[in-house]
Amino acid sequence: MGIFRRRLIYVQVHQDHFLVRVVGEGRTIRRQCHALADRAGAPRDFSAIRRQLKAAFSELKSGFSLLKPWALLHFDPIAYPVTKQELAAFQLAAVRSGVGFCWLSTWEAPHEDKDLLSIFKR
């Protein structure tokens, strides 16, 4: 891996866990996060979500790069409906977890690596 290569991390957000992988690589990790299922009442505390994202990002990090990776958080609007306030909080939590920038997606279908690589050409 080059020191000037930026990686794209794809995160699928489910009701109680994350599926995290680097686009173009075969390894996927699953992180349980019970804070995702706690949706009732007052706005939730995103510190537990941030800790889980940070752990997943650091586990996928390999080698040395001068550029922080970018992230794409994908929320299935049917399986995990999310509000605009939650989207903003998720984006802030991801950026504070160690990525340089974070996009948010609410497409109904999961994103494929070939499509993401064509969009985010280096």
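This is a short chat about the sheet, the aromatic pairs and a surface patch in a predicted model.

Reader: Start with the sheet. What is the strand order?
Author: The order is E3-E2-E1-E4-E5. The sheet is open, has five strands and shows mixed pairing.

Reader: Which strands stand at the edges?
Author: E3 and E5. Each has a single partner strand, so one side of each is left without a neighbour in the sheet.

Reader: And the twist, what does it average from one strand to the next?
Author: The average is 20°.

Reader: How many bridges join E1 to E4?
Author: Six. E1 covers residues 8–13, and the two strands run parallel.

Reader: Which residue stands opposite Trp 70?
Author: Leu 8 does. Trp 70 itself is in E4.

Reader: Switching to aromatics. How many pairs turn up in the whole structure?
Author: A search finds four aromatic pairs. One of them is Phe 46 with Phe 90, in an edge-to-face arrangement. Their centres are 5.1 Å apart, with 85° between the planes.

Reader: Where do those two sit in the chain?
Author: In distant parts, 44 residues apart. Phe 46 is in the loop between strand E3 (28–32) and H1. Phe 90 belongs to helix H2, residues 84–96.

Reader: Are Phe 46 and Phe 90 buried or exposed?
Author: Phe 46 is buried, and Phe 90 is buried too.

Reader: You had Trp 70 earlier. Which residue does Trp 70 form an aromatic pair with?
Author: Trp 103. That pair is edge-to-face, at 5.2 Å centre to centre and 80° between the planes. It links distant parts of the chain: Trp 70 lies in strand E4, and Trp 103 in strand E5 (residues 101–105), 33 residues apart.

Reader: Why does Trp 70 count as partly exposed?
Author: Because its relative accessibility is 29%, and partly exposed runs between the 20% cut-off for buried and the 50% cut-off for exposed. Trp 103 counts as partly exposed as well, at 28%.

Reader: Back to the Phe rings. Which residues do ring pairs link into a cluster?
Author: Phe 46, Phe 75 and Phe 90.

Reader: Now the surface. Which residues make the nonpolar patch?
Author: Ile 3, Phe 4, Phe 64 and Leu 66. The patch is about 450 Å².

Reader: Where is Phe 64?
Author: In the loop between helix H1 (47–60) and strand E4 (70–75).

Reader: And why does Phe 64 count as exposed?
Author: Because its relative accessibility is 54%, and exposed means over 50%.

How values were computed
Residues are numbered from 1 along each chain as its sequence is written. This is a predicted model: local features need pLDDT of at least 70, side-chain atom pairs count only at pLDDT 80 or more; totals for chains, interfaces and linings use all residues. Side-chain values use heavy atoms; hydrogens and water are left out. Patches are made of residues with over 30% relative accessible area and no salt bridge: like charges are joined within 9 Å, nonpolar side chains (Val, Leu, Ile, Met, Phe, Trp, Tyr) within 5 Å. Accessible areas come from the Shrake-Rupley method with a 1.4 Å probe; for residues, only the protein chains shown count as cover. A salt bridge is a side-chain nitrogen of Lys or Arg within 4 Å of a carboxyl oxygen of Asp or Glu. Helices (H or I, at least four residues) and strands (E, at least two) are DSSP runs, numbered from the N terminus. Buried means under 20% relative accessible area, exposed over 50%, partly exposed in between (1.4 Å probe, protein chains only). Rings of Phe, Tyr and Trp (its six-membered ring) pair if their centres lie within 6.5 Å; planes under 30 degrees apart count as stacked, over 60 as edge-to-face and the rest as tilted. Two strands pair if DSSP finds at least two bridges between them. Axes are lines fitted to C-alpha atoms, for helices over the stretch in contact, and angles run from 0 to 180 degrees between N-to-C directions.
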